[in-house]
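Dear colleague,

I am passing on the structure below, and after it you will find notes on what turned up when I went through it. Please read them alongside the coordinates.

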Amino acid sequence: MPPTKPALEEQLETAADQTQESQGEIKIEVGDTEITFNYQTKSDNTSKDVIAYTAENEFNLEVGSLIETLSTNFANLLPEGLRTQPISFSNLMVIYSKNKTRTAWLLALDIPLGDDLSFGRLPLVGDSLPDAIAQITIEPSLRLVAASKPFSLKEIRKFNENLPDAIDKLPDPGEGQGKDADISVRKGFSLSGTLGLPDAPNMLPVSSEEGEITPEDPASDSEVTPTNLGIWFNIEKSFGPFFLKQIGFQYGETDNKAELGILFDAALKVSDFTLACDDLTLTIPLDGTLTPSFSLPGVGIEYKSKNLEVAGALLRTQKEKEGITYEEYIGTAIIKFKLSSKGGKAGKAFGVSAIGSYTYYNGEPALFLYAVLDFPIGGPPFFFVTGFALGFGYNRYLKVPSIEKLTEFPLVAQAMGDVGNSELSDSSELITDQLSQLDEYITLSPGSGFVAIGLKFTCFKMVDCFALLTIAFGEGFEMNLLGIASMKIPTPAEDSKNFASIAQVTMLLRARFSLDEGVISIEAQLAADSYILSKDCRLTGGFAVYFWFDGPHAGDFVITLGGYHPAFKKPAHYPTVPRLGFNWQIGDCLSLKGEMYFALCAHAIMAGGLLEASFQLGSLWANFIAEAHFLISWKPYYYDILIQVRISAGLGWLGPVCLGVKLHLWGPEFGGTATFWILFIKVTIEFGDLSSRYPSPIDWATFKASFLPSDTAVCTIAVTQGVVRQLEQANGNPLFIVNAKEFELVTNSVIPTKQASYYAEPLTNGQANTHFGARSMGVSDGDLETTHNIQITRNGTKVNQGEFSFEVATQQIPTGLWGDAKVKNTTSGERLLPPETNEQQFLDNTLSGFRIIPGKPPAPGNTQSIEVTKLQYDIEPTENPYAWKDIPAFSAKSATDASRRNTIKNSIASTSNNRRNQLLQSLGFTPNQDVQLTNSVADAFVIAPQVK
């Protein structure tokens, strides 16, 4: 505890105990500064309060040192720049309050803000104001408040009654406003302030924490944290052409130096022109100089006339990425034209809107631009183009949202805003609504980029559509085709008002191709504004097709319309698809609901639906539900159908009374049960082949014909790396020329493997999954044996295993084929249990083959060292170092084409002492086996070449 705090508390306690009301003087030391307080006390049987305030007009000291006289932990919560910064204070006040349940203190420091601020000193708009407006001044004051406990409005008003006129009052909403129990000053740090304009003191908590944790409690360090200190005053006043929306105070730090900012949200309107300033800031450093500087983060303009409307906004923000601070400029613009009317008809309108951003990050520019033209271009009735969109990004990556957030995507929202026919928003709304979401979808990413191309069109003037193709690369290559189509029936006329359609449908579409995720997908979904017959009858539904060709889910797929079986545990990588159906609330008593779904995945088909009607009038209620769910698996073919209809009703405590039936069918050997509910009676009837509820296993011949390729394609070998050239031999077999350093062979088997060997020598399977069976055949894990055998020969001779290295290759396999069989013995033989609805669909990491690469290459040999001096020159002269020889010029044989062909045939056919054969043998080939040339090659020439 700081040494000055006990002295302060002791003197305040003593002063409080002297009389019920007293006055006096207290002195304490803060560092080298002695502070003199005047105090007033007031006590009764339940509480006592001491209000101490400084007698000096101004003093200079560190804020942290002053707070430490009351609480070290509280002082440590201050931002670094404010805690160590000496600041001049005009007044200092300490309130000490004690009652039977608690002891609390409040510290208030008034910070002078220099000269009064007049409207004429505002940048950009100050010079344009009339003199009467420019001379209006604002006399701001700011106060830093620290409180050990929260204080109620009743307590604050009691303190204000005892404050002298020279001390500004604590925050009070005014007479007749607020309740006595309302919290006026919260625990922690707060900023409060007043303006010269009519207002009450406003307060914004900086770090507040409800509860009664004492400042000395170490837990407060983590529970109370400093934030950007800020407070806004809503003004909403006009001064001639100048409109002042709000003024704010904000604390910040630049290079650990404390600063105070005065922010203005204002606009200047002259005739049809409006100039808006967004967060115009006057920055005052709290270093004793109080030298102000202006900054303007955002500006907006708006112009409206009869035939032309223009609006734009530019926002400058400071951001940080990977420790690098940079400034970014984000802007938007809209231009709207109205053409002259003809023949009493309203003229057409068209417009152009654009959004963009620019920054310079780490020595590289980063920007994007996206523009939309809204104007009827033309085309056939089924594809009438009404606009197009273009965009690109450099050092920017485009993230496309999920389909349910498609309407919020800035590139789609900008195009669907109907620039040509909508009213323009004010500049502040443009900044807030259109620019604030850009960081979420268009991120700064050095080395990345994107392009976007879109079209707006109508189909027979009934369906309004927008399609956008985006290609993003850098962080990953991804293509997206986004679409929105909306239709109203009947279609309202252009000049119609209060028109009610009997149906409205908005369809969202997203097709996606991603190399990083290895997925191709198509999704469609109805938007939330879709309805039929009544706006209370909402339509829902979605469709999705996903295929994974790479990555951890390679080989998986799903096709669904309306979602999945209710008991299906959806894998995390499967899309979420809403039910295809409707939800209709008819009045206050009746509601109707209908749903349908279908899904196809790796091991089963799911389908089903539901129809529900509910009625409630007071204590009388009734409910009707009809539902059906289907589960179908294949090889072995099996189906399971559950249908249920139920009616129930009740009146208060009477009921429920039920009437219903449940039908459960299975096959293909048809069988099932029927269950009836009649009031309180339940009856179950069995029929058909009850044992056929579970299918019989299939035999090997059926399994092989249904699921396996031809015998030659079950196991394959491929050269995946190191191929320099591929030739075809005379017998049709391929001949590979490979780079031995990069050479790699891969073997693959359609049938997963449990054991592997090289000839008779076993090969390790690493961490591969070997727990699987053949479900369709009823073969369990323990009964299935599969072996992957590899043999390598050279000229018919076995190659030593050590010459190669064998690495395990794995893959995913569907449990529908290779899952562990679940068999049940019945009186009619073995039966297969159906797969669980949420069963794992794939077995991961099963052994499918091996990567075969050359073994460890031989270590390089060491050469004999030779002194460099002996290689510099040779002292022995060499006579006749060059043997010159005349090479005679080529002399073609003068003959006809037929004679030249005969010469070629004779030389090709000659195999004795043939230099060609000698050359092939030196390269390791057997000429008679590997290279077979006949004299027919001479006939392959269109014109026989020249020969000797």
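Tyr564 and Tyr574 are both buried, and together with Tyr546 and Trp548 they make up one aromatic cluster. Please keep in mind throughout that this is a predicted model. In total, the structure holds 14 aromatic pairs. One of these is formed by Phe513 and Phe549, whose rings are stacked with 5.7 Å from centre to centre and 15° between the planes. This pair links distant parts of the chain, since Phe513 belongs to strand β29 (residues 503-514) while Phe549 sits in the loop between β33 (542-548) and β34 (557-561), 36 residues apart. Phe513 is partly exposed because its relative accessible area of 26% lies between the limits of 20% and 50%, and Phe549, at 39% relative accessibility, also counts as partly exposed. Tyr564 and Tyr574 likewise form a stacked pair, with 6.3 Å between the ring centres and 25° between the planes. Those two tyrosines are 10 residues apart, and each of them is placed in the loop between β34 and β35 (580-586).

Two lysines are placed over aromatic rings. The charged end of Lys754 sits over the ring of Phe772, at 5.2 Å from its centre, and Lys798 lies over the face of Tyr759, where the distance to the ring centre is 4.8 Å.

Turning to the strands, in a regular strand the side chains alternate between the two faces of the sheet. Strand β4 (residues 59-62) shows such an alternation, in that Phe59 and Leu61 point to one face and are buried, whereas Asn60 and Glu62 point to the other face and are not buried. Strand β4 runs antiparallel to strand β5 (residues 86-89), to which 4 bridges join it, and within this pairing Phe59 stands opposite Phe89 of β5.

Further along the chain there is an open sheet of 3 strands in the order β48-β47-β49, with mixed pairing. Its edge strands are β48 (761-763) and β49 (787-790), each of which pairs on one side only, and the twist from one strand to the next averages 30°. Strand β47 (residues 755-758) and β48 run antiparallel and are joined by 3 bridges, with Ala756 standing opposite Leu763 in β48.

A further open sheet is built from 4 strands in the order β43-β46-β55-β52, and its pairing is antiparallel. Strands β43 and β52 (804-814) stand at the edges with a single partner strand each, so one side of each is left without a neighbour in the sheet. On average, and with direction ignored, neighbouring strands of this sheet are turned by 30° against each other. Strands β43 and β46 are joined by 6 bridges and run antiparallel, and the bridge partner of Val719 in β46 is Leu745.

Which residues lie nearest the centre of the second largest pocket? They are Phe743, Ile792, Thr793, Arg794 and Asn795, out of the 32 residues that line this pocket. The elements that give two or more residues to its lining are β43 (715-721), β45 (734-738), β46 (744-749), β49, β50 (793-794) and β55 (842-854). The space in the second largest pocket comes to about 1100 Å³.

Finally, there are some backbone details that you may wish to inspect in the coordinates:

- Gly454 lies in strand β26 (residues 442-459), and it counts as buried because its relative accessibility of 4% is under 20%. The C-alpha atoms of Gly454 and Leu469 are separated by 6.1 Å, although these residues are 15 residues apart along the chain.
- Ile489 and Pro490 are joined by a cis peptide bond with omega of about -10°, and Pro490 is found in the loop between β28 (478-489) and β29.
- Glu322 is not a glycine, yet it has a positive phi of about 55°. Glu322 lies in the loop between β21 (308-321) and β22 (324-338), and it is exposed, with a relative accessible area of 71%.
- Asn362, which is not a glycine either, has a positive phi of about 50°. The place of Asn362 is in the loop between β23 (349-361) and β24 (364-378), and Asn362 is exposed because its relative accessible area of 58% is over 50%.

With kind regards

Terms used:
Residues numbered from 1 in each chain as written. Predicted model: local features only at pLDDT ≥ 70, side-chain atom pairs only at ≥ 80, totals over all residues. Heavy atoms only, no water. Phe/Tyr/Trp six-rings, centres within 6.5 Å; stacked < 30°, edge-to-face > 60°. Buried < 20%, exposed > 50% of the residue type's maximum accessible area, 1.4 Å probe, protein only. Lys NZ or Arg CZ within 6 Å of the ring centre and 35° of its normal. Pairing = 2+ DSSP bridges. Axes fitted to C-alpha atoms, helices over the stretch in contact; angles between N-to-C directions. 1 Å grid on protein atoms, 1.4 Å probe; cavity = no way out; pocket = protein on both sides within 12 Å on 5 of 7 lines; lining within 4 Å. Points joined across faces, edges and corners; volume = space filled by probe spheres on them.
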